[in-house]
Amino acid sequence: MKTLALIHTSHTLIPVFQQLVKDQLPGVNIVNIVDDSLVKNIRSRGSLTPAISKRVADYVASAQDSGADYILVTCSSIGPAVEAAAENAGVPVLRVDQPMADEAVRMGKRIGVIATLSTTLEPTSDLVIRRAALASKEIELTSKLCDGAFEALMSGDTDTHDNIVTAALRELSAQVDVILLAQASMARVVDGLNETDKTVPIVASPPTAIKYIATVL
């Protein structure tokens, strides 16, 4: 039996990925590692620091020691640290937004990225630009930060969060061919959208990443 290790920065993502793995990777064993201080540290320090990157590498090593055949890191904010850790790992290590970025690059030229945190918007936007260059494809990237949405979510006001994200999705839909959700927590907002608002494909990282892993595991 194959083992997939998931490294999270939020407990809320465990059930999301558990369901996806159950549906798409039957018979695969899961190991969860969670540290919600990582994103808090990035926010308080303003960026991904060498110390935070070292901790991510330690978690990757720990996941490998636990017997993982494949490691998925489910947070986009620590993406660059994940790529660095992957270089020294003995098993494949994937950042959650890479399959999503590749899919978007395949789907259109005008790509929109939406996030509720600037610390997530920047690494995901940067990743899309690099993946497009790797695919030798010219793209136009539009990034949109949903100001106030993250704070609303943290204070328990999900309605305000959802309203801000919905308005941003509508606005961005008029300007691009495909939209990427830089945070997994925004996926449920898309589920609540009216069909009339879904004028372009909206891609979320969790299902896209698990679908990709299903092809390689």
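**Close-up 1. Where helix α5 meets helix α6 in this predicted model.** On the α5 side, the residues making the contact are Gln98, Met100, Ala101, Asp102 and Val105. Their partners in α6 are Thr124, Leu127, Val128, Arg131 and Ala132. Sort this contact by class and you get six nonpolar, two polar and two charged residues. Now look at the two helices as rods: α5 runs over residues 98-107 and α6 over residues 118-134, and their axes come within 9 Å. What angle do the two axes make where they cross? It is roughly 55 degrees, which makes α5 oblique to α6. The crossing is a right-handed one.

**Close-up 2. Helix α5 and what sits around it.** Is α5 mostly covered or mostly open? It's mostly covered, with seven of its ten residues buried. Going along the helix, the buried ones are Gln98, Pro99, Met100, Ala101, Glu103, Ala104 and Val105. So who does the covering? Helix α6 from the previous view is part of the answer, and so are the strands β4 (93-95), β5 (110-115), β7 (178-181) and β8 (202-204). Helix α10 (205-216) is also included in that cover.

**Close-up 3. Asp97, in the loop between β4 and α5.** Don't let the word "loop" fool you here: Asp97 has 0% relative accessibility, so it counts as buried. Which residues does Asp97 touch, once those up to four places away in sequence are set aside? They are Ser76, Thr124, Leu127 and Ser205. Take a second look at Ser76, which is 21 residues from Asp97 along the chain. In space, the C-alpha atoms of these two residues are separated by 6.2 Å.

**Close-up 4. Gln183, in the loop between β7 and α9.** Here's another loop residue to hunt for, with α9 spanning residues 187-191. Gln183 counts as buried because its relative accessibility is 9%, and the cut-off for buried is under 20%. Leaving out residues up to four places away in sequence, Gln183 touches Ile114, Ala115, Thr116, Leu117, Thr120 and Phe150.

**Close-up 5. Helix α3 against helix α4.** Time for a second helix pair. Ser53, Val56, Ala57 and Val60 are the α3 residues in this contact, and they meet Ala81, Val82 and Ala85 of α4. By class, that's six nonpolar residues, one polar and no charged. The α3 and α4 axes come within 9 Å and cross at roughly 50 degrees, so the two helices are oblique to each other. Which hand does this crossing have, left or right? The crossing of α3 and α4 is right-handed.

**Close-up 6. The largest nonpolar core.** This core holds 22 residues, and the members touching the most others are Ile7, Ile71, Val73 and Ile78. Several elements chip in with two or more residues: the strands β1 (3-8) and β3 (70-73), plus the helices α2 (37-45), α3 (50-65) and α4 (79-88). Which element gives the most? That's α3, with four residues.

**Close-up 7. Val73 and its contacts.** Zoom in on one of those well-connected core members. Skipping its neighbours within four places in sequence, Val73 is in contact with Ile7, Ile78 and Val82. Its contacts also include a run you can follow along the chain: Val93, Leu94, Arg95 and Val96. You've met Val82 already, as one of the α4 residues that α3 meets.

Methods: Residues are numbered from 1 along each chain as its sequence is written. This is a predicted model: local features need pLDDT of at least 70, side-chain atom pairs count only at pLDDT 80 or more; totals for chains, interfaces and linings use all residues. Side-chain values use heavy atoms; hydrogens and water are left out. A nonpolar core is a set of buried Ala, Val, Leu, Ile, Met, Phe, Trp, Tyr and Cys residues joined through side-chain atoms within 4.5 Å. Buried means under 20% relative accessible area, exposed over 50%, partly exposed in between (1.4 Å probe, protein chains only). Contact means heavy atoms within 4.5 Å. Axes are lines fitted to C-alpha atoms, for helices over the stretch in contact, and angles run from 0 to 180 degrees between N-to-C directions. Angles under 35 degrees count as roughly parallel, over 145 as roughly antiparallel, 65 to 115 as roughly perpendicular and the rest as oblique. A crossing is left-handed if the near helix is turned anticlockwise from the far one by less than a right angle, and right-handed if clockwise. Ala, Val, Leu, Ile, Met, Phe, Trp, Tyr, Cys and Pro count as nonpolar, Asp, Glu, Lys and Arg as charged, and the others, Gly among them, as polar.
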